[in-house]
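Biologist: I have a fold open on my screen and would love a friendly walk through it. Could you take my questions one by one?

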Amino acid sequence: MRLKNVLIVVSDMEKSIAFYRELFGLQVVLDNDGNVILTEGLVLQDRKIWENFLGREMIPRGNTCELYFEERDIEAFDRKLKAYGKTHGIEIEYVNRLMTHSWGQRVIRFYDLDGNLIEVGTPMA
């Protein structure tokens, strides 16, 4: 057995696709009417489908998991993230701005448009 995909729930599919494309370079692999597979195995599912299937509401900013990306030029990503917010008229909600852990890794943590937690860090190896 192997892990195939990671699925997150989104409220506005088109805005979320643009968010992950513009900030992370992910592209649509398959659009299956409310379920969109992006490169790197990230799946976006429409909130209404998720809530209907589970019979429960989505809980934004649940802080029970995070998407983790690595970026060598973290300062450039930091600038890109700030510019994205300004260009799209949204306030990026940070958990922590660019910081350095005691072990030397530099990271930024923030929420996507639907409160899914994202960490971008410099490679450890």
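**A walk through the model**

Modeller: Let us start near the end of the chain: Met 124 lies in the segment after strand 8 (117-121). Strands (E, at least two residues) and helices (H or I, at least four) are DSSP runs, numbered from the N terminus. This is a predicted model, in which local features need pLDDT of at least 70, side-chain atom pairs count only at pLDDT 80 or more, and totals for chains, interfaces and linings use all residues. Residues are numbered from 1 along each chain as its sequence is written, and side-chain values use heavy atoms, with hydrogens and water left out.

Biologist: Does Met 124 count as buried or exposed?

Modeller: Buried means under 20% relative accessible area, exposed over 50%, and partly exposed in between (1.4 Å probe, protein chains only). Met 124 has 51% relative accessibility, so the verdict is exposed.

Biologist: Which elements does the chain have, from the N terminus on?

Modeller: The secondary structure comes to three helices and eight strands. Read from the N terminus, their order is β-α-β-β-β-α-β-α-β-β-β.

Biologist: Why is strand 4 described as largely enclosed?

Modeller: Strand 4 covers residues 42-46. Leu 42, Leu 44 and Asp 46 point one way, Val 43 and Gln 45 the other way, and all are buried. In a regular strand the side chains alternate between the two faces of the sheet. Strand 4 is largely enclosed by the rest of the structure because its buried residues number five of the five.

Biologist: Which residue of strand 4 stands opposite Val 10?

Modeller: Two strands pair if DSSP finds at least two bridges between them. Strand 1 (residues 6-10) runs parallel to strand 4, and five bridges join them. Opposite Val 10 in strand 4 stands Asp 46.

Biologist: And what is the bridge partner of Ile 37 in strand 4?

Modeller: Strand 3 (residues 35-38) pairs with strand 4 in the antiparallel sense, over three bridges. In strand 4, Ile 37 has as its bridge partner Val 43.

Biologist: Which residue takes a positive phi in the hairpin of strand 3 and strand 4?

Modeller: That hairpin has three residues between the strands. The positive phi, near 75°, belongs to Glu 40.

Biologist: Last one: what radius of gyration does the chain have?

Modeller: The radius is taken over C-alpha atoms, and the globule rule is 2.2 Å times the number of residues to the power 0.38. With 125 residues, a compact globule would come out near 14 Å. The chain agrees with that, at 15 Å.
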